[in-house]
Amino acid sequence: IQSQRPNIIYIMADDMGYGDLSCYGRKDYTTPNLDKLASQGVKFVNAYSAAPVCNPTRAAFMTGRYPAKTPIGLIEPLTQSKRDSTFGLTSEFPSIATLMRASGYETALIGKWHLGFLPQYSPIKNGFDYFFGIHSAAADYISHKSGLPGNRAHDLFENDTPVYPEGYLTNLFSQKAVAYIRQKHNKPFFLTITYNALHWPWQGPNDKPYADSVDFRTGGSPAIYAAMMKRLDDGIGVIMKTLDEEQLSSHTIVIFTNDNGGERYSNNGGLAKAKGSLWEGGIRVPAFVRWPDRINAGGVTQQVAITMDWTKTILSAAGAKTDKNFPLDGIDLMSILTGKKKMIPRTFYWRTFQRAKQKAIRMGEWKYLQDEKGEYLFNLIADQEEKNDLKAKEEIIFKRLKKKYANWEKTVLQPIPL
């Protein structure tokens with residue numbers, strides 16, 4: 001029995017550059033299914049990830065709060081080292097899945113978790129009724145092993161049990177998502193699909209597994225990257241077709257986005273730098289939302305948005321109650337998506353510490369950035385490629401943003417040195 005509340009599917013790709021979809025400018029291959037999905041709702045051109053690396057952004061989505069407000073969000077990124085294994089998402093910080101389940105939703109996570117390896121950090125302990133996926137940052141798409149060279153282990157689980165299906169991970173995640181949508185639902189469902197594509201190891205569906213001694217970051221090619229993207233795009237096409245076949249499309253919100261900027265074979269859309277950096281190429285991401293019941297097709301919005309906004313938007317659409325002890329840092333974007341509002345002014349903050357020491361704030365059109373080489377001020381409306389440093393010319397704005405950033409940093413946890 002479907003209630004009046006919508007089903008919600010949140011899809012997060014991994015390490016996708018801002019310009020990696022053909023609807024965002026990629027020319028050397030096409031992404032017809034994702035392009036179609038973007039055209040059926042509202043496409044964002046100013047969407048951001050909460051961090052320039054994997055698990056802090058995932059922590060932000062799960063908690064609806066800045067990564068620097070949870071211990072797991074301070075690890076950049078979570079590795080399979082002895083020290084990192086002591087970190088993970090816990091019920092101390094109520095997850096979006098916990099809140100959705102409490103409000104009467106079925107909850108499932110299919111794909112990459114990357115928020116803790118120990119049993120107490122599992123998705124099942126954080127509000128998900130069902131989990132199928134990998135625990136780590138990256139796994140071999142063919143062998144399903146993860147870990148450092150010479151120390152690899154199986155990393156594919158159903159709930160908390162290791163499972164050994166054959167197949168390419170992207171395909172397996174798409175197939176599990178389709179099976180989940182097709183099963184009988186007595187309540188509205190909240191399905192999170194976190195693909196590990198397009199994260200290294202760069203392997204297409206017909207490639208061999210990496211030898212245990214070979215570094216996952218080696219290899220790949222533009223052709224392999226295109227094959228990985230095709231399999232992701234095909235899978236999302238099948239998921240959308242399944243919604244149609246099950247007559248769920250009009251009553252299902254679908255959100256697509258990404259966890260951070262792209263890497264070696266990505267197209268970051270002409271933006272500066274890449275994954276791991278707080279320049280635009282590390283944090284600007286594709287994002288779009290479809291809900292045929294409420295959102296008109298063909299929209300493009302200049303609204304600035306960030307990972308935690310998806311959390312708040314989903315919880316609001318579900319009518320879910322939040323925990324007053326853990327106020328959310330995002331806003332409900334539904335008024336933008338439905339055209340009731342044109343623009344909501346926003347200010348965002350970022351900090352990286354462990355591998356790159358950088359700070360950034362975006363307030364309206366202005367961005368203050370500090371990296372290892374210096375401090376900068378950019379007007380992102382006039383200069384999204386961050387080529388024209390205006391700190392000398394706009395000294396008042398520069399100082400105001402710098403002060404605002406310093407005040408924000410007092411409200412978050414201290415960084416953890418490597």
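## The largest cavity

Start inside the protein: 20 residues line the largest cavity, and P67, A68, G73, E76 and R351 are the ones nearest its centre. Some terms up front: on a 1 Å grid over the protein atoms alone, a cavity is a set of points where a 1.4 Å probe fits but cannot get out, a pocket is an open set with protein on both sides within 12 Å along at least five of seven lines, and lining residues have an atom within 4 Å of a point. This is a predicted model, where local features need pLDDT of at least 70 and side-chain atom pairs count only at pLDDT 80 or more, while totals for chains, interfaces and linings use all residues. Residues are numbered from 1 along each chain as its sequence is written, and side-chain values use heavy atoms, with hydrogens and water left out.

The largest cavity holds about 150 Å³ of space (a volume is the space filled by probe spheres set on the grid points, which are joined across faces, edges and corners). Strand 13 (residues 347-352) supplies the largest share of its lining, four residues; strands (E, at least two residues) and helices (H or I, at least four) are DSSP runs numbered from the N terminus. By class, the lining has 16 nonpolar, two polar and two charged residues, counting Ala, Val, Leu, Ile, Met, Phe, Trp, Tyr, Cys and Pro as nonpolar, Asp, Glu, Lys and Arg as charged, and the others, Gly among them, as polar.

## The other cavities

Searching the whole structure turns up three cavities of 30 Å³ or more. The second largest has a volume of about 60 Å³, and its lining is T63, R65, F93, P94, L99, T322, D323, F326 and L328. That splits into five nonpolar, two polar and two charged residues.

## Pockets

Now the open spaces. The largest pocket comes to about 620 Å³. It has 29 lining residues, with P77, T79, A137, W200 and R217 nearest the centre; 13 are nonpolar, nine polar and seven charged.

The second largest pocket has about 220 Å³. Its lining runs to 15 residues, and V42, T301, I336, L337 and G339 sit closest to the centre. Strand 12 (299-306) and helix 8 (334-337) are the elements giving two or more residues to that lining, with strand 12 giving the most, at four. Here the classes come out as six nonpolar, six polar and three charged.

## The sheet and its helices

Strand 12 also belongs to an open, mixed sheet of 10 strands, ordered 8-7-4-3-9-1-10-11-2-12. Its edges are strand 8 (161-162) and strand 12, each pairing on one side only. Two strands count as paired if DSSP finds at least two bridges between them. Strand 4 (residues 130-134) and strand 7 (residues 157-158) pair antiparallel over two bridges, and F132 has E158 of strand 7 as its bridge partner.

Helix 1 (residues 32-39) packs on this sheet, touching strand 2 (42-48), strand 10 (252-258) and strand 11 (284-290), with its direction at about 65° to that of strand 11. Contact means heavy atoms within 4.5 Å; axes are lines fitted to C-alpha atoms, for helices over the stretch in contact, and angles run from 0 to 180 degrees between N-to-C directions. Helix 7 (residues 307-318) lies across strands including strand 1 (7-13) and strand 9 (189-194), and runs at about 110° to strand 12.

## Salt bridges

The count is 26 salt bridges, each a side-chain nitrogen of Lys or Arg within 4 Å of a carboxyl oxygen of Asp or Glu. One of them joins D212 and K145, whose closest N and O atoms are 3.2 Å apart. This pair ties together distant parts of the chain, 67 residues apart: D212 is in the loop between strand 9 and helix 5 (222-245), K145 in strand 5 (residues 145-146).
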